[in-house]
Amino acid sequence: MSLTLILTRHAKSSWGDTTLEDHDRPLNKRGRKSARAIGRWLNEHGWTPDEVISSTAIRTRETWDRMGLQADRICFHRALYLAEPEDMLIELSGATQPTVMMLGHNSGICEFARRIVRRPPDHPRFLDYPTCATTVIQFSIKDWADIDWRSGDVMGFITPRELLE
């Protein structure tokens with residue numbers, strides 16, 4: 001038995017309205033296009049989530065919505081807003097479905113991605129995890145409660161730029 005994690009940083013957000021709190025910033029035009037492209041890429045590869053665990057920020061919610069995917073369970077957790085890797089691991093350990101998408105923010109998601117995989121992919125952007133970057137990671141475990149650092153194998157990594165240019 002194996003479990004799969006789809007780890008996605010939110011798409012590019014707008015800084016146009018300076019009156020908005022950081023938590024409330026929406027996606028910009030490029031971000032909306034990027035989220036759709038990542039959703040198509042995941043769907044084409046058969047990597048679709050059964051469960052979504054996301055930050056409560058507007059930009060992570062909108063990223064999920066714009067991907068055009070479906071999931072049986074969708075949970076938004078304030079603890080994932082600008083979360084540290086350790087907090088992300090705790091949230092993931094409570095997941096219940098075989099394929100989970102986690103949507104979050106840098107710098108935590110970048111560090112989480114580095115620490116959760118056995119070997120990083122040979123990709124120049126993995127270590128800085130740009131907006132809407134997505135890694136698909138497989139774990140040889142039966143329960144998310146057994147998740148641990150350096151235990152995942154990368155099945156795929158992509159950035160929206162690769163899909164849109």
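Strands β2 and β3 (residues 73-77) pair in the parallel sense, with five bridges between them. That's a handy place to start looking at this structure, which is a predicted model.

**The strands around β2**

Pick out V52 and you'll find its bridge partner in β3, namely I74. To get from β2 to β3, the chain goes through helix α2 (residues 58-67), and this β-α-β crossover is right-handed. β2 also pairs with strand β4 (residues 99-104): the two run parallel and are joined by four bridges. Here I53 has M102 of β4 as its bridge partner.

So how enclosed is β2 (residues 51-55)? Five of its five residues are buried, so the strand is largely enclosed by the rest of the structure.

**Aromatic rings**

Searching the whole structure turns up six aromatic pairs. One of them is F126 with F157, an edge-to-face pair with 5.3 Å from centre to centre and 80 degrees between the planes. Why does this pair tie together separate parts of the chain? F126 sits in the loop between α4 (108-116) and β5 (134-139), while F157 belongs to strand β6 (residues 152-158), so the contact links parts that are 31 residues apart in sequence. F126 and F157 are both buried. They also have company: ring pairs link F126 and F157 with Y129 into a cluster.

**Charges over rings**

Next, two arginines that lie over aromatic rings. In the case of R61, it is the charged end that sits over the ring of F76. R115, in turn, lies over the face of W149.

| Arginine | Ring | Distance to ring centre |
|---|---|---|
| R61 | F76 | 4.0 Å |
| R115 | W149 | 4.1 Å |

F76 falls within β3, which covers residues 73-77, and R61 falls within α2, which covers residues 58-67.

**The largest pocket**

What is the volume of the largest pocket? It comes to about 270 Å³. If you want to show its lining in your viewer, select R30, K33, S34, R125, P130, T131, T159, P160, R161, L164 and E165. The elements that contribute two or more residues to this lining are α1 (29-44) and α5 (160-164).

**Pulling it together**

For a quick tour, begin at β2, which pairs in parallel with β3 and runs parallel to β4 as well. Then move to the cluster of F126, Y129 and F157, and finish at the largest pocket, where R125 and P130 are among the lining residues.

Terms used: Residues are numbered from 1 along each chain as its sequence is written. This is a predicted model: local features need pLDDT of at least 70, side-chain atom pairs count only at pLDDT 80 or more; totals for chains, interfaces and linings use all residues. Side-chain values use heavy atoms; hydrogens and water are left out. Rings of Phe, Tyr and Trp (its six-membered ring) pair if their centres lie within 6.5 Å; planes under 30 degrees apart count as stacked, over 60 as edge-to-face and the rest as tilted. Buried means under 20% relative accessible area, exposed over 50%, partly exposed in between (1.4 Å probe, protein chains only). A charge sits over a ring if NZ of Lys or CZ of Arg is within 6 Å of the ring centre and within 35 degrees of the ring normal. Two strands pair if DSSP finds at least two bridges between them. A crossover is right-handed if, with the strands pointing away from the viewer, the path from the first strand over the helix to the second runs clockwise. On a 1 Å grid over the protein atoms alone, a cavity is a set of points where a 1.4 Å probe fits but cannot get out, and a pocket is an open set with protein on both sides within 12 Å along at least five of seven lines; lining residues have an atom within 4 Å of a point. Grid points are joined across faces, edges and corners, and a volume is the space filled by probe spheres set on the points.
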